[in-house]
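Work through the exercises below with the sequence and the model in view. Each task is followed by a stepwise solution.

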Amino acid sequence: MEQSCARRKAPWWVNAVAVGLIGVLVAMTIVGRASDPEHRKFLVLDIAVGVVSVALVPIMFRRPVPGAIALAALAALSPAATPPSTVGTLNVALTRRFRTAALVALAGTVGHLIQGLWQPIHGLPFLWFAILDVVVHAALLGWGQGTQARHQLLESLRERADRAEAEQGRRVAEARTLERTKMAREMHDVLAHRLSLLATYAGALEYRPDSSPERLAKAAGVIRTGVHQALDELREVINVLRDEDVYEGRPQPTFDDVRALVDESREAGTTVAYEDHVTDPTSLPPATGRTAYRIVQEGLTNARKHAAGRPVTVTVDGRPGDGLRIELTNPASNGITVTPGSGTGLVGLTERVQLAGGTLDHGQVPGGGFRLEASLPWPA
């Protein structure tokens, strides 16, 4: 099936003007031939062919190939059909593939050769007429195909630009989604731990209203300090997401901060048994140390949320070339839940560990309780 050149359809008035101009050219051709006594005998044929060829021009615009072939056949009868036939050949060259356009140009060439044989032009040998005929139709074919190729190239570039713009929009949408995911993960990692500590102190105040004023004042001070720290950390998270430079300059937790994290949980009333069997922790990559910190942080936070008051065991073991292993276990809950969980913390933690090239496993243990185990790569 023929494919037309991708271009806008010409308005009706453009086609009407083209028909008018072709009609004028046909009339000029007929008048010019009528002034020649030898061609005057073809006047009736010229007029008939001219009228029919002009009438075929609108059909040629709608059906280029059949119209151009019909005009080529009329051109074999009279030079009056030469202007419409030439336009028909050019129109096909502009709108159809090369093979079809070449066949139509060949038909036009043959039609004019027949015309030159039985109605020769005085003073112009047939050989030169044939050469001009071939050159003109070849030029029409080349002009039309070149213009069509240019239109197709421009259309292709336009489509590529549209696709690039759409792709850019998709990338922007994905970047926004990733930014929201990053914000959710950072807020969970940073704030969930802090708020769970505050909930633990608040729960102590609720369940031990008979504590001494000094203890109550100390707990209230811890809560007030924790709230300020939570607000500061929330502000840091927002700044991280607003400005990448702030993120790069913001201090990030390291493996050395894990012990301070454990001490903080102990101060909040959680019994934590911490076993550190890491060999040469100074050679641990910063990204791995940061991930290890987040794993311990998430484990302690979940223990306070779902098994408040129950002891937690944290074991860290590893060496260069052998990897880093982290395990957190705690007995089953005693029925006290400090804060409800959203269920997304472990999902985000799993993604973080996988991005670091490690594995994460968590679930219930026989006899009750919960276990969180992670393995991170540590190159030698």
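The exercises go from the whole chain to its cores, its strands and one helix.

The model is predicted, so local features need pLDDT of at least 70 and side-chain atom pairs count only at pLDDT 80 or more, while totals for chains, interfaces and linings use all residues. Residues are numbered from 1 along each chain as its sequence is written, and side-chain values use heavy atoms, with hydrogens and water left out.

**Exercise 1. Describe the chain as a whole.**

Step 1. Take the secondary structure: the chain has 12 helices and five strands. Helices (H or I, at least four residues) and strands (E, at least two) are DSSP runs, numbered from the N terminus.

Step 2. Take burial: 37% of the 380 residues count as buried. Buried means under 20% relative accessible area, exposed over 50%, and partly exposed in between (1.4 Å probe, protein chains only).

Step 3. Take the surface: about 21,500 Å² is accessible, and 62% of this belongs to carbon and sulfur atoms. Accessible areas come from the Shrake-Rupley method with a 1.4 Å probe; for residues, only the protein chains shown count as cover.

Step 4. Take the contacts (heavy atoms within 4.5 Å). Among those with a separation of 6 or more, 71% join residues 24 or more positions apart.

**Exercise 2. Find the largest nonpolar core and the elements that build it.**

Step 1. Apply the definition: a nonpolar core is a set of buried Ala, Val, Leu, Ile, Met, Phe, Trp, Tyr and Cys residues joined through side-chain atoms within 4.5 Å.

Step 2. The largest core has 28 residues, and those touching the most other members are Phe255, Ile295, Leu300, Val314, Val316, Leu324 and Ile326.

Step 3. Two or more residues each come from α10 (258-267), β1 (272-278), α11 (286-306), β2 (312-319), β3 (323-330), α12 (345-355) and β5 (370-376). With six residues, α11 gives the most.

Step 4. Beyond its neighbours within four places in sequence, Phe255 is in contact with Tyr274, Asp276, Val278, Pro281, Leu284, Gly289, Ala292 and Val316.

Step 5. Another core, of 12 residues, lies apart from this one and includes Ile22, Ile30, Val57 and Leu74.

**Exercise 3. Trace the pairing of β2, β3 and β5, then place Ala374.**

Step 1. Strands pair if DSSP finds at least two bridges between them. β2 and β3 are antiparallel over seven bridges, and Gly318 has Leu324 in β3 as its bridge partner.

Step 2. Three residues lie between the strands of this hairpin, where Gly321 takes a positive phi near 85°.

Step 3. β3 also pairs with β5, in the antiparallel sense over seven bridges; Thr329 is bridged to Arg371 in β5.

Step 4. Ala374 is in β5 and is buried, with a relative accessible area of 2%. Its contacts, not counting residues up to four places away in sequence, are Ile295, Leu324, Arg325, Ile326, Thr359 and Leu360.

**Exercise 4. In helix α6, which is buried and which exposed: Leu103 or Thr109?**

Step 1. Both Leu103 and Thr109 lie in α6.

Step 2. Leu103 has a relative accessible area of 53% and is therefore exposed.

Step 3. Thr109, at 10% relative accessibility, is buried. Thr109 touches Asp133, Val134 and His137, leaving out residues up to four places away in sequence.
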